[in-house]
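Dear colleague,

I am handing over the structure below for your consideration. My findings follow directly after it.

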Amino acid sequence: QVQLVESGGGLVQPGGSLRLSCAASGFSFRLYAMSWYRQAPGKQRDLVASINSGGSTNYPNSVKGRFTISRDNTKNTVYLQMNSLKPEDTAVYYCKVHSGIDHWGKGTLVTVSS
């Protein structure tokens with residue numbers, strides 16, 4: 001079965017950096033687009049970054065230039081490098097794959113605060 005396990009979240013000061021990882025299993029990772037989403041308390045879950053099987057990436061304006069998504073098909077892992085973090089980046093970050101249906105990880109909490 002499809003499994004997605006996020007890691008790398010934590011507390012970071014404004015202006016700091018974090019790298020999130022999402023380890024995938026149960027499907028042919030290299031063939032699928034992967035995405036990162038985030039959900040702040042009381043808000044909807046929003047797309048943060050996506051990468052297709054060919055490595056093309058997409059970002060909303062809110063994170064463009066600060067976040068970078070990448071993938072390692074040898075490790076079945078997708079990453080999210082987050083730089084110049086702001087308090088408004090505080091959220092639970094989720095990994096997602098659409099393999100017939102949407103599959104989500106359980107998320108990892110990122111808190112940006114001084």
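Ser50 is found in strand 5 of this predicted model. With a relative accessible area of 17%, Ser50 is under the 20% cut-off and therefore counts as buried. Leaving out residues up to four places away in sequence, Ser50 touches Met34, Ser35, Ser56, Thr57, Asn58 and Ile69.

One of these partners, Met34, leads on to the interior of the protein. The largest nonpolar core has 28 residues, and Met34, Trp36, Val78, Leu80, Met82 and Tyr93 are those with the most contacts inside it. At least two residues of this core come from each of the following: strand 3 (18–25), strand 4 (34–39), strand 5 (45–51), strand 7 (67–72), strand 8 (77–82), strand 9 (91–99) and strand 11 (108–112). Strand 5, where Ser50 is found, is thus among the contributors. In soluble globular proteins, nonpolar side chains tend to be buried together.

Tyr93 deserves a separate word. Once neighbours within four places in sequence are set aside, Tyr93 is in contact with Glu6, Leu20, Trp36, Tyr37, Arg38, Val48, Phe67, Leu80, Met82, Gly107, Thr108 and Val110. Trp36, Leu80 and Met82 in that list are also named among the core residues with the most contacts.

A second residue to examine is Asp89, found in the loop between strand 8 and strand 9. Is Asp89 buried or exposed? Its relative accessible area is 0%, so Asp89 is buried. Apart from neighbours within four places in sequence, the contacts of Asp89 are Arg38, Arg66, Phe67, Ser84, Val110 and Val112. Arg38, Phe67 and Val110 appear here and also in the contacts of Tyr93. As for Ser50, 39 residues separate it from Asp89 along the chain, and the C-alpha atoms of the two are 17 Å apart.

Two residues call for attention on account of their backbone angles. Ser84, which is in contact with Asp89, is found in the loop between strand 8 and strand 9. The phi of Ser84 is positive, near 50°, although the residue is not glycine. Ser84 counts as partly exposed because its relative accessibility is 41%. Asn76, in the loop between strand 7 and strand 8, likewise is not a glycine and has a positive phi of about 50°. Its relative accessible area of 27% makes Asn76 partly exposed.

I turn now to the protein as a whole. What does its secondary structure come to? There are zero helices and eleven strands. Among contacts between residues at least 6 apart in sequence, 52% join residues at least 24 apart.

Regarding overall dimensions, the C-alpha trace spans about 40 × 25 × 20 Å along its principal axes. The radius of gyration is 13 Å, which agrees with the value near 13 Å that a compact globule of 114 residues would have. Buried residues make up 39% of the 114 residues.

On the surface, the protein exposes about 6100 Å², of which carbon and sulfur atoms supply 46%. The protein has 12 positive and 6 negative charges, and the mean positions of the two sets are 3 Å apart.

When you open the model, I would suggest beginning with Ser50 in strand 5 and then moving to Asp89 in its loop between strand 8 and strand 9.

With kind regards

How values were computed. Residues are numbered from 1 along each chain as its sequence is written. This is a predicted model: local features need pLDDT of at least 70, side-chain atom pairs count only at pLDDT 80 or more; totals for chains, interfaces and linings use all residues. Side-chain values use heavy atoms; hydrogens and water are left out. A nonpolar core is a set of buried Ala, Val, Leu, Ile, Met, Phe, Trp, Tyr and Cys residues joined through side-chain atoms within 4.5 Å. Buried means under 20% relative accessible area, exposed over 50%, partly exposed in between (1.4 Å probe, protein chains only). Helices (H or I, at least four residues) and strands (E, at least two) are DSSP runs, numbered from the N terminus. Contact means heavy atoms within 4.5 Å. The radius of gyration is taken over C-alpha atoms; the globule rule is 2.2 Å times the number of residues to the power 0.38. Accessible areas come from the Shrake-Rupley method with a 1.4 Å probe; for residues, only the protein chains shown count as cover. Lys and Arg count as positive and Asp and Glu as negative; His and the chain ends are not counted. The place of a charge is taken as NZ of Lys, CZ of Arg, CG of Asp or CD of Glu.
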